[in-house]
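Visitor: I'm new to this one. Could you pick a single part and take me through it slowly, starting with what you mean by a contact?

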Amino acid sequence: MKRIFAWGALLFGILYFALPLIGMTNFSLKMRRGVYSFDAYAVVLSDPRFQETFTYSVIMALVTIVFGVLLVVPTAYWVRLKLPTLRPVIEFITLLPLVIPAIVIVFGYIRLYNTSSWLPLTGTTSGTNLLLMFGYTTLALPYMYRAVDTGLRTIDIGTLTEAAQSLGAGWTTILARIILPNVLVAVLSGAFLTFAIVIGEFTMAALLNRPAFGPYMQLLGANRAYEPAALAVISFGITWGCLGLIQLVSRYQKGAPPQA
């Protein structure tokens with residue numbers, strides 16, 4: 001009986017998620033009346049605004065990933081090595097973006113860093129991009145920190161650090177050549193999740209008036225019929241592509257011995 005219930009729940013979950021996707025995909029292929037075609041996808045992919053906004057979001061995602069790795073890896077490493085009593089506090093801080101809405105965070109940014117403040121980041125394009133990158137880093141912090149912290153838990157960072165120091169390695173060398181390679185899978189997992197978050201994020205980019213992919217999706221959805229469905233399918237594919245890469249990298253690196 002339990003097995004039947006479990007399979008029934010699994011089937012219900014698959015149908016609950018798959019049927020809307022199938023329906024949306026089917027609708028996106030009906031732009032040409034009476035036949036199935038990829039006209040909607042061709043229109044979207046050839047739209048200069050799609051190319052501009054998608055390129056902008058990809059660049060912002062890559063910058064956010066680099067900044068997040070430089071921020072999270074040394075912090076998580078130092079907390080585990082030297083400040084284990086502060087782990088609950090750090091974990092609580094990193095989880096705050098899950099309970100604080102993005103609109104609250106971005107309004108706080110605008111209030112603190114507007115053109116009349118002590119640090120007018122919103123007064124220039126580069127400053128606004130920097131502010132948006134900080135916002136994206138904040139949104140991705142729970143996922144990046146958890147991934148890296150889980151990776152650090154699987155290795156003996158104390159022994160590795162002592163061995164590296166006995167050979168004369170400095171802190172930068174330890175982080176770059178020992179700790180980072182050993183938590184690379186965890187870092188990549190956090191990076192792919194960060195990429196998926198940045199690509200689809202709407203609130204911060206819209207309120208900071210940046211040409212990102214999320215606001216473009218909303219604008220297209222308000223003015224077109226078939227193209228938004230095609231764009232949603234593309235976005236879904238990007239997200240699942242990131243999840244697939246996480247699984248691929250995890251399997252490739254599974255069982256690899258710690259590097260010293």
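Guide: Sure! Two residues are in contact when they have heavy atoms within 4.5 Å of each other. Keep in mind that this is a predicted model. Let's try the idea out on Asp39, which sits in helix α2 (residues 39-46). Setting aside neighbours within four places in sequence, Asp39 is in contact with Met31 and Arg32. Is Asp39 buried, exposed or partly exposed? Its relative accessibility is 24%, and because partly exposed covers what falls between 20% and 50%, Asp39 counts as partly exposed. Phe5 is another story: 34 residues separate it from Asp39 in sequence, and their C-alpha atoms are 42 Å apart in space.

Now for the part I'd like to linger on, where helices meet. A pair of packed helices is described by the angle between their axes and by the distance between those axes. Take helix α3 (residues 48-82) and helix α9 (residues 184-200): their axes come within 9 Å and cross at roughly 140°. The crossing of α3 and α9 is right-handed. On the α3 side, the residues that meet α9 include Phe54, Met60, Thr64 and Val73, while α9 brings residues such as Val187, Thr194, Phe195 and Ile199. Sorted by class, this contact has 12 nonpolar residues, three polar ones and no charged ones.

Hold on to Thr64 and Thr194, as both turn up again in the lining of the largest cavity. Rolling a probe the size of a water molecule over the atoms shows where empty space is left. Here the structure holds one cavity of 30 Å³ or more, and the largest cavity has a volume of about 40 Å³. Along with those two threonines, the lining has Gly68, Thr137, Ala140, Leu141 and Met144. Two elements, α3 and α6, each give two or more residues to the lining, and α6 supplies the largest share, four residues. By class, the lining residues divide into three nonpolar, four polar and no charged.

One last stop on α6, which spans residues 125-153: Thr138 lies in this helix. The C-alpha atoms of Thr138 and Thr64 are separated by 9.6 Å, though the two are 74 residues apart along the chain. Beyond residues up to four places away in sequence, Thr138 touches Pro97, Ile105 and Tyr109. Since its relative accessible area is 21%, and buried means under 20%, Thr138 is partly exposed.

Notes
Residues are numbered from 1 along each chain as its sequence is written. This is a predicted model: local features need pLDDT of at least 70, side-chain atom pairs count only at pLDDT 80 or more; totals for chains, interfaces and linings use all residues. Side-chain values use heavy atoms; hydrogens and water are left out. Buried means under 20% relative accessible area, exposed over 50%, partly exposed in between (1.4 Å probe, protein chains only). Axes are lines fitted to C-alpha atoms, for helices over the stretch in contact, and angles run from 0 to 180 degrees between N-to-C directions. A crossing is left-handed if the near helix is turned anticlockwise from the far one by less than a right angle, and right-handed if clockwise. Ala, Val, Leu, Ile, Met, Phe, Trp, Tyr, Cys and Pro count as nonpolar, Asp, Glu, Lys and Arg as charged, and the others, Gly among them, as polar. On a 1 Å grid over the protein atoms alone, a cavity is a set of points where a 1.4 Å probe fits but cannot get out, and a pocket is an open set with protein on both sides within 12 Å along at least five of seven lines; lining residues have an atom within 4 Å of a point. Grid points are joined across faces, edges and corners, and a volume is the space filled by probe spheres set on the points.
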